[in-house]
Amino acid sequence: MPERSIIQSSGFANTGERDRRSGFTLRLRQPNYRGLCLSLVEGIDICVDGETYPAEGNFIMLRGKSFTHADMANATQIRWAMGECVEVIVPKAAGLKIGVHEVGCIMRLRHPYFPPQFQPAFVRESRHITIIQP
Amino acid sequence: MSGFQYGVSLYSYTDDIGTVMGLDEALEHVADTGATGIEILSESHIPAYPEPPAAWIDHWFARIERLGLVPTNMACWVDTNITQTHNRTEEEGAAQLAQDLRLAHRLGFRYIRPKFGVIDEELTPHPIWRGAVERVLDLADELNITIIPEIHAPTPIRHPVTEAYVDFIQKTGTRNFGLLIDTGIFQDRPLPYWPGETPEIRKAALSFLDGIKVPVEHLAEVIEYVPFIQAKFHHIDDHLHDHNIPWETIVPMLKKLNYTGYLSSEYEGPRDPWVAIEQVRRQHCLIRKLERDMEASHA
């Protein structure tokens with residue numbers, strides 16, 4: 001079972017070949033009390049050590065399939081189940097240094113049954129997690 | 001005197017299910033309260049919703065039969081603004097409802113609670129609700145399921161939203177549509193601030209969390225349309241004192257109105273691991289005690 005937090009320790013890793021890192025990947029648990037169509041997820045910004053990686057440049061990997069931010073906006077038939085994890089793939093030349101990083105996420109979730117002024121709703125979390133491999 | 005029927009919504013165990021317990025363990029906890037009714041959330045608790053594997057359905061029935069549980073209500077959603085540029089039409093809303101009615105029927109449920117998208121802060125449902133529901137009334141009748149949107153804070157009983165639902169029942173004469181009362185409307189003391197909430201935010205936008213204090217007497221005006229109650233609560237202390245919901249007035253009123261439907265626990269409080277298990281048990285102990293006291297005083 002995943003950790004209680006949204007941001008998962010396992011799954012935090014650099015991507016690409018060891019000497020040519022292309023970015024990093026971060027595993028997130030779906031934080032809502034119900035499953036959501038991806039079209040209701042308006043974006044997931046990632047922040048590492050104070051630097052923000054806006055949703056528009058990130059990719060979401062769900063059950064082995066990759067979605068761009070634009071793909072998600074129309075994905076009305078793809079469900080991110082309650083408690084299920086996605087990998088957020090963040091492009092970043094050379095990836096992240098090994099060690100402990102302060103990692104945050106800001107999710108913008110649209111709940112149609114919320115009053116309009118609460119759409120989207122923001123879900124924020126931050127914690128320290130570790131990159132093991134350079 | 002017939003009594004209440006007791007149930008639990010798996011919503012109570014939000015965040016525990018999937019991190020510290022699976023669905024099977026959750027059902028065990030429900031059964032251990034002595035409850036018979038099991039309420040679930042479609043998109044939360046049914047794997048691969050809306051098409052769970054046949055093996056899972058077999059397991060579902062085997063599990064609830066062993067535990068003596070009966071499926072009550074399946075909560076579901078009609079997400080009107082499904083994308084940022086498209087609102088679902090009446091036909092699309094009806095298709096969503098038809099899908100959930102069929103799924104609920106396959107799993108043995110008698111009620112579905114659709115949560116429609118809303119258009120204002122008083123939770124007025126998107127106007128497609130009426131046409132969407134009308135289109136599936138025959139199907140609901142065929143499947144013997146009642147569609148029960150919830151009356152939920154900040155919407156009180158005396159309100160155009162509730163009146164529109166009652167008007168719909170009266171005009172169509174349907175027996176497949178009713179009201180789900182969420183007992184949060186009777187909350188008469190404030191909730192603690194949620195994480196991140198400030199007094200300013202509470203005052204500006206979330207004042208209903210201080211309690212909208214619907215008088216329990218108003219139940220009499222709609223009780224004939226209420227087949228199911230979600231027993232919403234937030235905190236019950238070691239002395240079985242509920243800090244927010246006035247059960248000592250709700251229970252006598254429901255007895256006076258001869259309500260014999262389900263009280264389906266819906267714990268909505270701090271989400272620390274395992275807290276919900278004990279909180280649900282306290283609520284069952286508290287309400288059963290109040291019910292017994294009422295029955296004893298009328299014996």
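This tour walks through chain A and then its interface with chain B.

The model is predicted: local features need pLDDT of at least 70, side-chain atom pairs count only at pLDDT 80 or more, and totals for chains, interfaces and linings use all residues. Residues are numbered from 1 along each chain as its sequence is written, chains are lettered from A, and side-chain values use heavy atoms, without hydrogens and water.

**Select chain A and show it as a cartoon.** You will find one helix and eleven strands. Both are DSSP runs: helices are H or I with at least four residues, strands are E with at least two. Now trace the chain from its N terminus. The order is β-β-β-β-β-β-β-α-β-β-β-β.

**Switch to the C-alpha trace.** Along its principal axes, the trace of chain A spans about 45 × 30 × 25 Å.

**Look inside chain A.** Of its 134 residues, 49% count as buried. Buried means under 20% relative accessible area, with a 1.4 Å probe and protein chains only.

**Colour the charges of chain A.** There are 16 positive and 13 negative side chains. Lys and Arg count as positive, Asp and Glu as negative; His and the chain ends are not counted. The centres of the two sets lie 4 Å apart.

**Add chain B.** Here 27 residues of chain A are in contact with 36 residues of chain B. Contact means heavy atoms within 4.5 Å. Next, select A:R4, A:Y33 and A:R79. They supply 27% of the area that chain A buries against chain B, more than any other three residues. Buried area is the accessible area (1.4 Å probe) that two parts lose on being put together, summed over both. Between these two chains, that area is about 2500 Å². Carbon and sulfur atoms give 54% of it.

Definitions and conventions:
Buried < 20%, exposed > 50% of the residue type's maximum accessible area, 1.4 Å probe, protein only. Charge placed at Lys NZ, Arg CZ, Asp CG, Glu CD.
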